[in-house]
Amino acid sequence: MTLVDTPATLTGGPSLAQERRLVTAIPGPRSQELMARKAAAVAAGVGHTLPISVVAAGGGVIVDADGNSLIDLGSGIAVTGVGNSAPRVVEAVTAQLNSFTHTCFTVSPYEGYVAVAEKLNELTPGEHVKRTALFNSGAEAVENAVKIARHFTKKQAVVAFDHAYHGRTNLTMGLTAKNIPYKSGFGPFASEVYRAPLSYPFRDGGLSGAEAAAKAISVIEKQVGAENLAAIIIEPIQGEGGFIVPAQGFLSALVEWAAANDVVFIADEVQTGFARTGAWFASEHEGIVPDVIVTAKGIAGGLPLSAVTGRAEIMDSAMAGGLGGTYAGSPIACAAALATIETYEADGLLERAREIGSVLIGRLNALRTADPRIGDVRGRGAMVAIELVDPATGAPDAALTNAVAKYAHANGVVVLTCGTYGNVIRFLPPLTISDELLIDGLSVVAEGLKNA
Ligand code: PLZ
């Protein structure tokens, strides 16, 4: 094996060679060196999927310090929809860095924040008057959405769903369903959080959307009571929980029930949002109009930014000074978001997400026909997953899932797993990936399945 000299300053972005190239084993010697330093310096609770040392990324690849070029089927967990170091983002951020880096919007405001709010008000579903507040992370935005809903309704309870993921802060850990690794030993959790059953077509015996919603609403009415309930929060397609697409009619029935009961319906579109599913928001596929919508990840091309957008009467309920944060809506992240939105629009990336979706669904369904261990293929646009099972019993097969992911990693493909039972492989490529890379990445996963 030859060692390619890869300087740490290698320029990323779409001009990087778009190829899968392995020049060392994964991890190579330089990556191993970093992993040793990481183990000695970084808290053990901060894990990693792939033991590499990244030096550049762009288009559909990630390059490591040993000169390996890996196919990116994860986008840093659905963040770099416009690709890493997307040219418009780099240019806008560089210009912003050269003019000013920080004032704190709640001390002395600037235009970028307002322009992002205007754009989100325009792009989110619904023709009603909206307002937006900006934050840093998805979890912080979820916390604020709940905080605002409580202030508006003067009620306290919040309902989240089975398999939900909403973040790692105290309230959002409480909203999240899965115990290990997210919650175990990290309690006590915030009070007034309740859980309702989800529509999970592959595992709930094929309940219709209306039937699954009736079940959830019955739990909510019997165990919480609409008179106590401030908000329902749900991911329109669950992310970490396993890319679960609810049966049609489930979400709309919940939206209707919430509207009739003075309950704020919050869509957590942190993972599904922003062109990923082939629409700006996954809510659009179900024709629902959430009262409040939470965004993050894909909105700012890799810079930390999140948002809460909602009906003006709800969003304006909190008193002046009640919402904010030192870095919330940083001018650098706002510049990135405006350039990111322009890129999705100018480069036709919603359309591209749909094309990627048909490649993924087509190839994965073909694999499934030949291999009964693939129990289900599901998702929308460039957010697609396979659920791996024991074909005899339908029981989740986490060991097989891990073996396939490990094989893909060792062979230069970044794939992520997810799911309550750890048996889902998810595909979240950057929307700038070429068909060649995507298909190559999928064939490595197929090989991994064959070898396992
Ligand atoms: N809501 C729907 O998917 C983040 C988690 C990565 P933050 N998902 C990736 C990890 O293991 O920490 C997420 C999400 C949904 C909220 C969040 C939280 O967003 O930006 O990670 O806080």
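## Helix crossings, a ligand shell and some backbone exceptions

α12 passes α13 in a right-handed crossing. This is a predicted model, so please read the values that follow in that light. The two helices, α12 with residues 398-410 and α13 with residues 435-451, pack at an angle of about 130°, and their axes lie 8 Å apart. That angle makes α12 oblique to α13.

A second helix pair is worth a look. Helix α3 covers residues 87-99 and helix α10 covers residues 331-346; their axes are 8 Å apart and the packing angle is about 155°. Angles over 145 degrees count as roughly antiparallel, and α3 and α10 are therefore roughly antiparallel to each other. The crossing of α3 and α10 is right-handed. In general, two packed helices are described by the angle between their axes and the distance between those axes.

Now to the ligand. Which residues come nearest to the ligand, out of the 14 around it? They are G138, A139, R168, D268 and Q271. Sorted by class, the shell around the ligand holds four nonpolar, five polar and five charged residues. Three polar contacts with the ligand are set out here.

| Residue | Protein atom | Ligand atom | Distance |
|---|---|---|---|
| A139 | backbone N or O | oxygen | 2.8 Å |
| R168 | side-chain N or O | oxygen | 2.7 Å |
| E240 | side-chain N or O | nitrogen | 3.4 Å |

How much of the ligand's area does the protein bury? Taken alone, the ligand exposes 510 Å², and the protein buries 82% of that. A139 and R168 thus appear twice in this account: each is among the residues that come nearest to the ligand, A139 has a backbone N or O atom 2.8 Å from a ligand oxygen, and R168 has a side-chain N or O atom 2.7 Å from a ligand oxygen.

The backbone has a few spots to visit as well. Most residues other than glycine have a negative phi, and most peptide bonds are trans. Where do the exceptions listed here sit? I26 and P27 are joined by a cis peptide bond with omega of about 0°, and P27 belongs to the segment before α1 (29-41). The peptide bond from G187 to P188 is also cis, with omega near 5°; P188 is found in the loop between α6 (170-175) and β6 (193-196). A78, a residue other than glycine, has a positive phi near 65°, and A78 is found in helix α2, which spans residues 75-78.

How values were computed. Residues numbered from 1 in each chain as written. Predicted model: local features only at pLDDT ≥ 70, side-chain atom pairs only at ≥ 80, totals over all residues. Heavy atoms only, no water. Near = heavy atom within 4 Å. Polar contact = N/O pair within 3.5 Å; in protein donor to acceptor, adjacent residues only side chain to side chain. Areas by Shrake-Rupley, 256 points an atom, 1.4 Å probe, with all protein chains shown as cover. Nonpolar A, V, L, I, M, F, W, Y, C, P; charged D, E, K, R; others polar. Axes fitted to C-alpha atoms, helices over the stretch in contact; angles between N-to-C directions. Helix = DSSP H or I, 4+ residues; strand = E, 2+ residues; numbered from the N terminus. Parallel < 35°, antiparallel > 145°, perpendicular 65-115°, else oblique. Left-handed = near helix turned anticlockwise from the far one by under 90°.
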